[in-house]
Amino acid sequence: MHGRPRKAPKPEDEAASSAKAQKLRALQTQFFSFHHNKIYTKEAVELSAKLLEINPESYTAWNYRKLAVEHYLNLPDCNPDSIKSVLDDELRVVENALRQNFKSYGAWHHRKWVLSKGHSSIDNELRLLDKFQKADSRNFHAWNYRRFVAESMKRSEQDELKYTEDMIYANFSNYSAWHNRSVLLSALFDKKAEGFLLKEKVLPEEYEFIHQAIFTDPDDQSGWFYHLWLLDQTVTTDSPLLASSWPGHGSDVLLVGDRCYNGSAFSPFSALHSDSGSFPIVLYFNQPVRGVNSSTVTVECGFNKNEDLLWKPLSASNSQTARVWVAHLKVPSSDLHSTVEVSVGHTKGIISTRGFEYSHPSMLSFKVHVQPMERDSSQVSVAESISLREENFKVYGKQSEESIIDSFDQLIIKNGHETTASNWRFEALAKEIECFRELLSLVDCKIGKLTLARLLKAYDAMSYPFANKLVHSEEVLELYSDLMKLDRTHYQFYKDERSIVLLQKYKDSVSSAICGPICLRLNNLSLSRMGAFEKLLWVQMLDLSHNELQSIEGLKAMQLLSCLSLRNNKLRSLTALEPLRKLKLLRILDISYNQIGDHSIDTTRYVCSSPLSHSVGSELNRDETVTSDVALINNWEAFYIFKDFNLNQLDIVGNTIADEKFKSVLVKIMPKLKQLDGKLLD
Amino acid sequence: MAELAVDKHVKYILAVEKNKDSFESVVMDHLRMNGAYWGLTALDLLGKLDSVNVDEVISWILKCQHESGGFSGNIGHDPHILYTLSAVQVLALFNKLDVLDIDKVATYITGLQNEDGSFSGDMWGEVDTRFSYIAICCLSILCCLGKINVEKAVSYILSCKNLDGGFGCTPGGESHAGQIFCCVGALALTGSLHYVDKDLLGWWLCERQVKSGGLNGRPEKLPDVCYSWWVLSSLIMIDRVHWIDKEKLVKFILDCQDVENGGISDRPDDAVDVYHTYFGVAGLSLLNYPGLKAIDPAYALPVDVVNRIFFSG
């Protein structure tokens with residue numbers, strides 16, 4: 001089926017093919033007769049060998065041979081010698097079949113089945129494997145079988161590691177060998193095997209090794225992914241850390257009870273409008289964790305009992321693991337000025353997905369001020385269109401005058417002991433940066449630029465809390481711009497990476513601690529992707545209009561969002577809006593002038609919770625008032641996305657999907673909606 | 001740019017279905033059930049499913065069902081999970097799932113789940129993540145996914161996740177686009193895509209696109225039209241398909257057509273077959289090629305067929 005040249009069939013070819021077909025057909029018919037009648041004579045078994053030699057993919061014949069072996073092993077007159085002979089016969093048949101097609105699943109499995117019987121010499125197998133791997137070093141069947149043999153022989157990981165080294169020295173362009181090396185090294189690290197206890201000793205050698213592959217032929221992909229793994233091993237700390245929070249440490253939070261924005265951008269406080277009598281505490285970790293609860297995170301304040309606090313993970317479906325955790329703190333409706341202390345991880349229990357404990361207990365504290373509802377403001381018409389007013393926004397690009405220390409600093413300073421231990425990390429990165437700069441001075445290659453960009457980003461990320469700026473941002477942005485020209489096939493990949501760097505670079509200097517802004521304008525930046533959420537937790541009103549966003553993945557972390565504009569972007573489906581379902585405070589949403597309804601293929605269909613992914617039950621049938629009117633097959637996405645929203649105002653014009661029929665469906669799904677495309681609803 | 005020679009491909013598929021006497025056909029005899037799925041799904045995407053005799057197909061399918069509930073690749077062969085899925089998929093295409101004793105099929109599949117959550121292909125015990133995908137997809141279509149231990153099935157699949165973000169056939173197995181499709185598909189169908197590092201895997205997958213615009217299945221291998229499905233559907237499920245150049249891929253697929261005799265091959269100017277014809281057409285559907293029905297990337301069935309299963313009745 002693969003790699004055969006296309007040629008017009010000639011009559012003599014067709015005749016030959018037909019004759020071969022008849023012969024094979026006859027063989028097969030005879031075989032079926034033996035198989036269905038359970039005949040396992042020597043002659044019958046020999047016929048199956050003939051069939052498998054011509055067609056090793058005829059799986060039923062392999063099954064038959066297993067039945068024949070078992071039939072034979074159950075005979076009273078069998079002895080160890082005759083058993084070995086029978087099984088050796090099977091191994092011979094497999095070898096013949098593999099000669100025909102060394103990728104035959106059936107043949108390899110049959111061999112494994114025979115070896116598992118325990119009567120055959122396993123040492124032979126390594127020799128056989130050597131032959132196959134010399135013929136094709138990328139044959140994954142052979143590599144898988146090798147893993148089985150190595151385990152049966154109890155070969156050490158170190159020995160197998162040496163084998164991968166030999167294979168790589170024979171030919172650097174051997175992704176399979178590099179892959180196996182990563183599996184073995186990873187196991188040795190996990191086991192803390194002798195000689196592999198300290199990554200700082202092992203990784204520099206591995207870097208030397210991989211350089212030979214990458215620098216010999218930068219266009220050969222075999223080493224790229226191994227290098228990326230080495231980088232990950234260099235920068236990733238095992239224990240999870242708290243990356244940021246809202247409220248931030250040392251901040252003042254003003255809770256305002258009404259819906260009207262009253263210009264408190266000029267006040268020294270972060271004002272949060274709360275019509276629910278509570279506000280969220282958001283914890284953003286540097287990797288997904290589980291076990292965040294009122295034992296592992298304690299909230300001490302005068303007005304609430306810690307045990308009453310319910311911490312929830314912001315995760316898909318019902319997973320108990322997430323990077324972002326939220327709890328809602330109830331506040332009394334009367335005047336209040338109080339300090340809240342949040343202690344994270346003083347009790348064990350917060351664990352990463354790889355099983356590492358949160359090991360740097362931290363504490364943050366902030367002040368809460370409650371401003372009760374003012375009588376006057378209730379006169380303002382609730383239906384008044386709340387626009388994303390110009391003056392409310394801190395304009396992107398206008399840097400704040402004061403020197404601002406991000407609240408994050410204060411958390412990290414407590415993690416002092418980690419920094420001295422990580423000098424080897426800085427050294428390793430610095431060395432790599434030097435090597436790749438040198439490569440790029442000789443060869444203008446894509447992997448050189450991409451790796452250098454990744455190295456510089458990693459270096460900055462590791463230095464971040466101490467240095468106040470991301471030193472290499474400009475260079476990284478330029479590298480990605482170069483890549484967008486150099487490798488046009490992957491233009492969008494580099495653009496997405498670049499968007500995130502852009503966001504991280506500017507949001508450096510924003511703080512929720514002192515200035516109190518709550519609005520952020522990020523429009524007209526050619527952003528194709530959102531990121532840097534750990535720095536954006538404070539945002540209540542966000543203008544992302546006039547960008548190129550086709551995804552808002554991760555936006556669910558911005559728990560304070562009440563107004564969001566995604567006008568004039570490239571959202572392609574309703575399911576792309578799923579991250580917004582977790583934004584309980586969202587009241588105003590503008591998704592006008594996107595591409596919803598233009599495309600028949602939905603690329604967020606499975607990233608979204610729905611009946612198709614079995615992460616939601618048949619809630620469809622329960623709400624009769626909605627579903628009886630709604631043509632469900634055509635509108636299930638709208639139902640799933642919007643039914644939990646609490647919007648006052650929605651703009652959807654300029655999307656192919658937004659015809660009158662669809663808008664009336666939306667109104668039924670969201671009875672609390674007050675305004676749709678500028679029109680007041682009754 | 002070339003166009004999709006729809007009529008030629010339809011003719012080719014129908015001819016292959018009828019021609020049972022060529023050597024190719026006899027050698028593929030044992031996987032005719034897969035061939036039926038490839039040919040018929042391609043016909044449906046091309047809007048021509050009504051060109052076949054439904055009753056004949058269904059009667060043949062049912063002849064391939066064994067006592068155990070599983071289906072074989074053709075009459076006379078042994079049952080296997082591979083052909084059980086294809087049989088169910090074809091019946092779904094024709095909206096004839098009601099001819100099945102669903103419990104019987106489900107029993108066959110649940111019986112193949114092992115202690116560690118993995119699935120064997122049949123009673124002989126070969127384990128592969130392909131079979132995990134098949135079990136999950138098949139029971140999902142039959143709306144009885146809860147009959148297997150989903151949690152263990154998912155954890156086995158995750159044990160096959162590699163350090164490059166991809167997946168192999170068994171733990172430690174090298175990442176390969178076909179296995180990645182199976183694992184990502186299985187995780188998608190079980191609402192478990194949050195376990196996938198989409199950026200890491202997305203980069204590995206998008207680097208499958210080579211200079212010619214075609215996609216290969218793993219690093220330093222030749223491009224092949226079938227990867228237009230395995231790689232592409234994986235990218236779509238994790239929402240990273242914009243990381244490849246879609247137009248170049250469309251051009252590559254169209255260049256693999258035999259515009260005179262119909263059919264699509266693995267590479268330009270190679271011999272065509274039904275397998276690559278299906279994957280080429282399915283790939284074009286995922287790339288929004290005009291005139292084709294939309295295909296669902298996880299179920300590998302037309303979207304209207306999937307919607308019919310979940311949202312009507």
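# Reasoning through a two-chain model

Tutor: Let's start with one pair of residues: Val289(A) has Ser352(A) in β9(A) as its bridge partner. Keep in mind that we're looking at a predicted model.

Student: Okay. What makes β4(A) and strand β9 of chain A a pair of strands?

Tutor: You need at least two bridges between two strands before they count as paired. β4(A) and β9 (residues 351-352) of chain A have two bridges, in the antiparallel sense. So the cut-off of at least two is met, and we can call them paired.

Student: Which other strands does β4(A) pair with, and how many bridges are there?

Tutor: Strand β1 (residues 242-246) of chain A runs antiparallel to β4(A), with four bridges joining them. One example is Leu242(A), whose bridge partner in β4(A) is Phe285(A). With β7(A), β4(A) has eight bridges, again antiparallel. Val282(A), for instance, has Val326(A) in β7(A) as its bridge partner.

Student: Why is β4 of chain A called largely enclosed?

Tutor: Count its residues: strand β4 covers residues 278-290 of chain A, and ten of its 13 residues are buried. Buried means under 20% relative accessible area. So the rest of the structure largely encloses this strand.

Student: Now a sheet. What makes β11 and β17 of chain A edge strands?

Tutor: Look at the open sheet of seven strands, in the order β11-β12-β13-β14-β15-β16-β17 (chain A), with mixed pairing. β11 (519-521) and β17 (679-680) of chain A each pair on one side only, and that makes them the edges.

Student: How do you know that strands β14 and β15 of chain A are paired, and in which sense?

Tutor: Three bridges link β14 (residues 588-590) and β15 (residues 649-651) of chain A, in the parallel sense. The rule asks for at least two bridges, so three is enough. Ile588(A) and its partner Gln649(A) in β15(A) form one of the pairs.

Student: Let's try a single residue. Why is Ser319(A) called buried or exposed?

Tutor: Ser319(A) has 9% relative accessibility, and buried means under 20%, so Ser319(A) is buried. You'll find Ser319(A) in the loop between β6 (312-313) and β7 (322-330) of chain A. Leaving out residues up to four places away in sequence, Ser319(A) touches Pro313(A) and His194(B).

Student: What makes the link between the side chain of Ser319(A) and Thr321(A) a polar contact?

Tutor: The Ser319(A) side chain comes to 3.2 Å from the backbone nitrogen of Thr321(A). The limit is within 3.5 Å, so the distance passes.

Student: Salt bridges next. How do you know that Lys84(A) and Asp88(A) form one?

Tutor: Their closest N and O atoms are 3.1 Å apart, and the cut-off is within 4 Å, so the pair qualifies. The two sit four residues apart in helix α4 (residues 80-100) of chain A, which means about one helical turn separates them. Lys84(A), at 37% relative accessibility, is partly exposed, and so is Asp88(A), at 34%.

Student: And what about Glu206(A) and Arg181(A)?

Tutor: Their side chains meet in a salt bridge at 2.9 Å, N to O. Glu206(A) lies in helix α10 (residues 199-216) and Arg181(A) in helix α9 (residues 175-191), both of chain A, so the pair ties together parts 25 residues apart in sequence. Both Glu206(A) and Arg181(A) are buried.

Student: Why do we say that Arg240(B) and Glu553(A) join two chains?

Tutor: First, the salt bridge: the side chains of Arg240(B) and Glu553(A) meet at 3.1 Å, N to O. Arg240(B) belongs to the loop between α11 (227-237) and α12 (246-255) of chain B, and Glu553(A) to the loop between β12 (541-543) and β13 (563-565) of chain A, so two chains are joined. Arg240(B), at 3% relative accessible area, is buried, while Glu553(A), at 26%, is partly exposed. Both also belong to a network of salt bridges with Arg529(A) and Asp199(B).

Student: How many salt bridges are there between chain B and chain A?

Tutor: Seven. As for area, the two chains bury about 7700 Å² between them, 55% of it on carbon and sulfur atoms. Trp124(B), Trp203(B) and Phe311(B) supply 12% of what chain B buries against chain A, more than any other three residues.

Methods:
Residues numbered from 1 in each chain as written. Chains lettered and ligands numbered in written order. Predicted model: local features only at pLDDT ≥ 70, side-chain atom pairs only at ≥ 80, totals over all residues. Heavy atoms only, no water. Buried area = accessible area lost by both parts, 1.4 Å probe. Buried < 20%, exposed > 50% of the residue type's maximum accessible area, 1.4 Å probe, protein only. Polar contact = N/O pair within 3.5 Å; in protein donor to acceptor, adjacent residues only side chain to side chain. Contact = heavy atoms within 4.5 Å.
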